[in-house]
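Grab a pencil and open the structure viewer. Below are a few exercises, each followed by a solution you can work through step by step.

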Amino acid sequence: MKKFILVTLFIILLIAIAGFFLYRNFSQKKSAPKSPPNISPSPVLTTQVSPTLSTNTLSPPIAQFKERITKKPFGIFISPQNSPVSPERFTGFHTGVDVEYEDVTTDVPVLAIADGTIVYANTVNGYGGVAILKFTYQNQEYTALYGHLRPASLPEINKKVSQGEQIAILGTGESPETDGERRHLHFAVTKNNQVNFRGYVQNQGELASWLNPLELY
């Protein structure tokens with residue numbers, strides 16, 4: 001009888017020991033941290049931006065520049081007999097373009113067509129107020145003459161200006177500001193830093209000193 005009891009107790013002890021190890025092993029597995037899933041990192045997305053292309057263009061010297069060249073374009077021959085302007089006081093081939101503003105009563109700014117330097121700012125017979133801008137465009141040096149400006153608005157000589165910056169104000173028509181001329185901008189361009197105030201020349205060969213401003217736009 002005692003032997004049977006001892007065998008029974010031994011079997012119970014073995015079962016208890018086996019249960020203990022099974023429980024401990026299960027608990028360790030349950031509490032062990034899970035390994036992170038093996039996920040490849042997402043590729044970094046980069047946006048390719050095309051380089052900004054410089055338009056390398058000039059600004060207009062005044063608002064509605066091309067649309068308002070209606071009477072005297074570059075190179076036209078003018079005389080008192082055929083002029084679209086009456087009365088006409090000049091004769092010759094036109095060295096610039098005239099941008100008409102007789103219908104505008106408010107101030108009209110004139111603007112730097114490029115970064116440059118003001119090399120002249122004063123009154124000139126036939127123009128009234130005049131400003132001349134020296135600038136470089138496509139590796140070529142030019143001067144731009146702005147005529148019929150309000151003298152009181154003229155910039156200082158040797159002033160550095162930026163493209164699109166206001167240079168002066170258009171003068172009042174039929175007044176000393178424009179030397180008695182109608183309200184318009186006379187705009188002329190010469191090459192190689194030439195400063196030439198003539199608004200008309202007597203033969204077409206002389207026009208070679210000027211450039212048709214519209215060729216720059």
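**Warm-up: the overall layout**

The protein has 1 helix and 12 strands. Keep in mind that you're looking at a predicted model.

**Exercise 1.** Work out in what pattern the helix and strands follow each other along the sequence, and what share of the residues is buried.

*Solution.*
- Step 1: Read along the sequence and you get α-β-β-β-β-β-β-β-β-β-β-β-β.
- Step 2: Next, burial: of the 217 residues, 39% are buried.
- Step 3: Now look at contacts between residues at least 6 apart in sequence: 66% of them join residues at least 24 apart.

**Exercise 2.** Find the cavity and say which strands each supply at least two residues of its lining.

*Solution.*
- Step 1: Searching the whole structure for cavities of 30 Å³ or more turns up 1. The volume of the largest cavity is about 40 Å³.
- Step 2: List the lining: Ile-132, Thr-143, Ala-144, Leu-145, Ala-188, Val-189, Thr-190, Gln-194, Val-195, Asn-196 and Trp-210.
- Step 3: Match that list to the strands, and you'll find that S7 (140-149) and S10 (184-191) each give at least two lining residues.
- Step 4: Sort the lining by class: 7 nonpolar, 4 polar and no charged residues.

**Exercise 3.** Do the same for the largest pocket: which residues are closest to its centre?

*Solution.*
- Step 1: The largest pocket has a volume of about 190 Å³. Its lining has 17 residues, and Phe-90, Gly-126, Tyr-127, Gly-199 and Tyr-200 are the closest to the centre.
- Step 2: Sorted by class, the lining of the largest pocket comes to 5 nonpolar, 7 polar and 5 charged residues.

**Exercise 4.** Describe how the rings of Tyr-120 and Phe-197 are arranged, then decide whether each residue is buried, partly exposed or exposed.

*Solution.*
- Step 1: The structure has 7 aromatic pairs. In the one made by Tyr-120 and Phe-197, the ring centres are 4.9 Å apart and the planes are at 65°, so the pair is edge-to-face, given that the cut-off is over 60 degrees.
- Step 2: This pair links distant parts of the chain, 77 residues apart: Tyr-120 is in strand S5 (residues 116-124), while Phe-197 is in the loop between S10 and strand S11 (200-201).
- Step 3: Buried means under 20% relative accessible area and exposed means over 50%. Tyr-120 has 21%, so it counts as partly exposed. Phe-197 has 28%, so it is partly exposed too.
- Step 4: Leaving out residues up to four places away in sequence, Phe-197 touches Tyr-120, Val-124, Tyr-127, Val-130, Ile-132 and Leu-145.
- Step 5: For more rings, look at the aromatic cluster of Phe-65, Tyr-146, Phe-187 and Tyr-217. Then find Arg-68, which lies over the face of Tyr-101, 4.6 Å from the ring centre.

**Exercise 5.** Hunt for backbone oddities: which peptide bond is cis, and what is the phi of Gln-64 and of Asp-179?

*Solution.*
- Step 1: Start from the usual case: most peptide bonds are trans, and most residues other than glycine have a negative phi.
- Step 2: The bond from Ser-86 to Pro-87 is cis, its omega being near 0°. Pro-87 belongs to the loop between strand S1 (77-78) and strand S2 (92-94).
- Step 3: Gln-64 has a positive phi, near 55°, and is in the loop between helix H1 (2-31) and S1. With 44% relative accessibility, Gln-64 is partly exposed.
- Step 4: Asp-179 also has a positive phi, about 55°, and lies in the loop between strand S9 (166-169) and S10. Its relative accessible area is 25%, so Asp-179 is partly exposed.

Note on methods:
Residues are numbered from 1 along each chain as its sequence is written. This is a predicted model: local features need pLDDT of at least 70, side-chain atom pairs count only at pLDDT 80 or more; totals for chains, interfaces and linings use all residues. Side-chain values use heavy atoms; hydrogens and water are left out. On a 1 Å grid over the protein atoms alone, a cavity is a set of points where a 1.4 Å probe fits but cannot get out, and a pocket is an open set with protein on both sides within 12 Å along at least five of seven lines; lining residues have an atom within 4 Å of a point. Grid points are joined across faces, edges and corners, and a volume is the space filled by probe spheres set on the points. Helices (H or I, at least four residues) and strands (E, at least two) are DSSP runs, numbered from the N terminus. Ala, Val, Leu, Ile, Met, Phe, Trp, Tyr, Cys and Pro count as nonpolar, Asp, Glu, Lys and Arg as charged, and the others, Gly among them, as polar. Rings of Phe, Tyr and Trp (its six-membered ring) pair if their centres lie within 6.5 Å; planes under 30 degrees apart count as stacked, over 60 as edge-to-face and the rest as tilted. Buried means under 20% relative accessible area, exposed over 50%, partly exposed in between (1.4 Å probe, protein chains only). A charge sits over a ring if NZ of Lys or CZ of Arg is within 6 Å of the ring centre and within 35 degrees of the ring normal. Contact means heavy atoms within 4.5 Å.
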